[in-house]
Amino acid sequence: MTDLKLGPGNPRPLGATYDGRGVNFALFSANATRVDLCLFDQGGTETERITLPEYSDEVWHGYVPGLAPGQLYGYRVHGPYAPRDGHRFNRNKLLLDPYAKAYAGQLIWDDCLFGYQIGAKRTDLIKSKTDSACFMPKCVVVADGMRPAQPRPNRPWHETVIYEAHVKGMTALNPDVPEPLRGTFAGLAQPAVIDHLVKLGVTALELLPVHAIVNDRHLVEEGLSNYWGYNSVGFFAPAQRYISPGAGIEEFRNTVDRLHEAGIEVILDVVYNHTAEGNELGPTLSFRGIDNASYYKLAEDKRHYHDTTGCGNTLNVGHPRVLQLVLDSLRYWVEQCGVDGFRFDLASALARDNTDFDPSASFLDAIGQDPVLNRVKLIAEPWDLGESGYQVGGFPPGWAEWNDLWRDGLRSYWKGDMGMLPALGRRISGSAEIYDHRGRKPWASVNFITAHDGFTLTDLVSYNKKHNDANQENNRDGHADNRSYNWGTKGPTDDPVILDRRDRVRRAFMASLLFSHGTPMLQMGDEIGRTQGGNNNAFCQDNEVSWVDWTNVSDRDRAFHEFVRGVVSLRAQIPLLRTKHFLHGEPVAPLIKSIAWFKPDGEEKQAEHWKDPVAKCIGASFAGGGNILLLLFNADADPIDFIFPYFGKRHLRWRLLCDSAKGLVRPDAPIATGKTTIPGRGLLLFERTD
């Protein structure tokens, strides 16, 4: 024991709180019988073990005077080891504080990390008696720091263009980032990185998970790692892998400041649906040993977990204290770190107070009423692996959602599949049949061609099938339904005919994305031809497979980069491409509708025309604010003549703004009247001139 004078402390706030004279420790556990606080020196040797003296409102707490920021600590939690009853307490295991804002050291995989005896015939029913402390990272007492200094950009949703990126993947091979900073938050703050985003025209940087991460044991043993980071072990501490030596959370705050200074918002991809502890055969690192029955959803047989995530466990966000943990974490990243929004991984799992998805679940209601969180951008990945888990369109007002129907519909259309015009029409007009209810707006649909989970854009037009052998799962992992096409040969080629076809389709995809109503999201590196060699599940590839190669960019890819910049700029310049409201064909002027659809002969499309399974060409007009846009789509290989339709009993004069087939974005293009020709696999955008 210690000579330190221990006080009762307070049950609030949870975590380790420094007040200038000492540290208050508070840990929630409804079912524990005792909690020991373990203090460590900087070498990782345990120096003190203190039993927290008070238990109030299911919180164990105590105050230790004289402790200061930088102190290393962890917990040992006593209670029954009774897996069949849902309890997995084991005082032999050092546990991480769920509220810790920093960790020191790395997790070292060893059998000692497991709460049960590895190799026992009764597996997880036999309690382990080995100590795990020397294999565990330690929590660090952190003092409150400076908040971000730059004001938030506060971009309206309808003006938002998202760029999904990975901290390391974005900077690891960037020659304009100093080598010591590559792969770090500080690397993202470098002028060259921010300048690329600004010139591209994106308004929000969405980062793959940056919370504290555990590399799965089987990946480590195979020489791989959890590169994407969807394996959180703490929700306040940043992942050490992204922090420069000697730095802390202030490095992240500074990066947010630099991005805000450039007018770019920061959105974090967060994983509150499960943790790195896995199923009942996983390690005991934190939540499982603190209060397994409270933190996790248990099956009817409480020895097992109710898993709707496919990751072994599901966090019990319907529990008041677990919900508090999630909300406290979110507010911390907003208020203390300057974050502008969140993308929630497998968000349907968060809206299951019991077993079914509920649009009025505790989490959704709480976040909608929170005065801090209901003002930031909220994006759902609107599915999980449980029954009724697919909930595209099912989230409440205030939420945007990843719209995989946009991805699949546009992929099928530009691949040339039959009968895709109805899907094309719904998707480019904001997916109103999904989102136009309860006052939701077109921005609720986050449209994307590609994301981290799947092919890159270059691979989408270069491979018919996935090639994931490097993941060492015999190519069984990853999606099989990619709706991709290689346009004549697999993978890299020097054939100019095939490369021209691929470039046409890439440009058509990108123009469709930026000219559709909704919120567009680009994937890191797509604009300069990043490839993963056909790997559509590179979650474990922390290497050149996943990183952006900024130096070996072909002339074709440089031209494509300029095209992407052009269509992003057009979207920013033309309000009709980013409308705040759904268009349903309302009259905006005599004989002119807010949205209308046309056949190549200029006749307005009627209900029966949508049923033509062979048709691959369509025109769409958007009208409002004294302007009219005409988008012409042709997924056929051959060009098609298109007669300009009448508007208000007369033909209009049109200026061509974009020809995706030729890679042109020209606001000074010649005026067109009468008719035009839509190139094969091409998209044209016209604006009225009279």
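Student: What covers the buried residues of H10?

Tutor: The cover includes helix H9 (404-415), helix H11 (432-435), strand S22 (595-598), strand S23 (617-624) and strand S24 (627-634). Covering here goes by contact, meaning heavy atoms within 4.5 Å. Keep in mind that this is a predicted model, where local features need pLDDT of at least 70, side-chain atom pairs count only at pLDDT 80 or more, and totals for chains, interfaces and linings use all residues. Residues are numbered from 1 along each chain as its sequence is written, and side-chain values use heavy atoms, with hydrogens and water left out.

Student: What makes H10 a "mostly covered" helix?

Tutor: Buried means under 20% relative accessible area, exposed over 50%, and partly exposed in between (1.4 Å probe, protein chains only). In H10, residues 421-428, 6 of the 8 residues are buried. They are Leu421, Ala423, Leu424, Gly425, Arg427 and Ile428.

Student: Why are H10 and S14 called helix and strand?

Tutor: Because both are DSSP runs, numbered from the N terminus: helices are H or I, at least four residues, and strands are E, at least two. H10 has 8 residues, and S14 has 6, so each passes its cut-off.

Student: How do you know which strands pair with S14?

Tutor: Two strands pair if DSSP finds at least two bridges between them. Strand S13 (residues 204-207) runs parallel to S14 and is joined to it by 4 bridges, with Leu207 opposite Leu268. Strand S15 (residues 341-344) also has 4 bridges to S14, in the parallel sense, and there Asp269 stands opposite Arg343.
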